[in-house]
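Subject: Structure for your review

Dear colleague,

Please find below the structure that I am handing over to you. I would be grateful if you could read the notes beneath it with the coordinates open.

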Amino acid sequence: MGREFAASEQLSGYVLAARLQMDILGSLKLPPSWYQVWLKLVAAQDPTRKATAPQVRGYIPITQRLLQERCMLSSPSVSEATQWWSHVGWMRTARRGVVQLNPWLTVAGTSEEQKQWQTDWIEAGGPDCLIPNPEYPAQWRAERAQVKFEAKAARDAERRAQKVVPLARRPKPPGRKAASA
């Protein structure tokens, strides 16, 4: 359901129908920056890159800084977007500076490579893929804001409970007046 076989000279395999994926993305009330980061990640897949190290193909060597440059976005915008895509299981961080897009959603490789990348995803404990409802991005942001608020309140309460005695401040010495000329 929703999957189609894609074949070309370089690629073949089952992928989520691009039309269906675009329909899902178009239905979500996503901040434009999140959508932009996803598109740049998909575009960064390079099926022609030769494997110079094990498991290089199927993984995207990209840092948040490079995503910032490609998307022309701020660091917090890129960070929030990548956290969102990881949360819904559309991508995972394989290691520092290397991400893997969910191989059930998008693959720039052969069917055999797709099977291998699916195995890698499962073995790495990659998150289950969610197809979120249109309101879920706002709910996710609200939940994150609530967690941050509660963590800050706990830190503040801990500081108050420590009963730290402030040091007495010494008064500033009087300033000198500039000599008149």
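The notes below go from the overall fold to the sheet, the helices and some individual residues.

Overall architecture

Please bear in mind throughout that this is a predicted model. The protein chain contains six helices and five strands. Following the sequence, these elements appear in the pattern β-β-α-α-β-α-α-β-β-α-α. The protein chain has 181 residues, of which 31% are buried. Among contacts with a separation of 6 or more, 63% are between residues 24 or more positions apart.

The three-stranded sheet

Three strands make up an open sheet, ordered β3-β5-β4, with antiparallel pairing. The edges are taken by β3 (60-61) and β4 (91-95); each has a single partner strand, so one side of each is left without a neighbour in the sheet.

Strand β5 (residues 98-101) is joined to β3 by two bridges, and the two strands run antiparallel. In this pairing, P61 stands opposite V98 of β5.

On the β4 side, four bridges link β4 to β5, again in an antiparallel arrangement. Here R95 is opposite V98 in β5, while T93 has V99 of β5 as its bridge partner. V98 of β5 therefore faces P61 as well as R95. The hairpin of β4 and β5 has two residues between the strands, and G97 adopts a positive phi near 80° there.

Which way do the side chains of V98, V99, Q100 and L101 point from β5? V98 and Q100 point one way, V99 and L101 point the other way, and all of them are buried.

Helix α5 and Q118

Helix α5 (residues 111-123) lies across β4 and β5, and runs at about 110° to β5. One residue of this helix, Q118, deserves a separate note. Is Q118 buried or exposed? Its relative accessible area is 15%; since the limit for a buried residue is under 20%, Q118 counts as buried. Setting aside neighbours within four places in sequence, Q118 makes contact with P103 and W104. P103 lies 15 residues from Q118 along the chain, and the C-alpha atoms of the two are separated by 5.6 Å.

Packing of helix α2

Two packed helices are described by the angle between their axes and the distance between the axes. Helix α2 is reported here in those terms for two partners.

The partner taken up now is α4. Helix α2 (residues 32-43) packs with helix α4 (residues 75-87) at an angle of about 70°, and their axes are 9 Å apart. This angle makes α2 roughly perpendicular to α4. From α2, the contact involves S33, W34, V37 and W38; from α4, it involves S77, V78, E80, A81, T82, W84 and W85. By class, the residues of this contact comprise seven nonpolar, three polar and one charged.

The other partner is α3. Helix α3 (residues 64-71) packs with α2 at an angle of about 105°, with the axes 10 Å apart. The pair α2 and α3 is therefore roughly perpendicular. The residues that meet are Q36, V37, K40 and L41 in α2 and L67, R70 and C71 in α3. This contact of α2 with α3 is made up of four nonpolar, one polar and two charged residues. V37 appears in the contact with α4 and also in the contact with α3.

Cysteines

How many disulfides does a search of the whole structure find? The result is zero. C71, which takes part in the contact of α3 with α2, is buried, with a relative accessible area of 3%. C129 has a relative accessibility of 31% and therefore counts as partly exposed.

With kind regards

Methods: Residues are numbered from 1 along each chain as its sequence is written. Side-chain values use heavy atoms; hydrogens and water are left out. A disulfide is a pair of cysteine sulfur atoms within 2.5 Å. Buried means under 20% relative accessible area, exposed over 50%, partly exposed in between (1.4 Å probe, protein chains only). Two strands pair if DSSP finds at least two bridges between them. Contact means heavy atoms within 4.5 Å. Axes are lines fitted to C-alpha atoms, for helices over the stretch in contact, and angles run from 0 to 180 degrees between N-to-C directions. Angles under 35 degrees count as roughly parallel, over 145 as roughly antiparallel, 65 to 115 as roughly perpendicular and the rest as oblique. Ala, Val, Leu, Ile, Met, Phe, Trp, Tyr, Cys and Pro count as nonpolar, Asp, Glu, Lys and Arg as charged, and the others, Gly among them, as polar.
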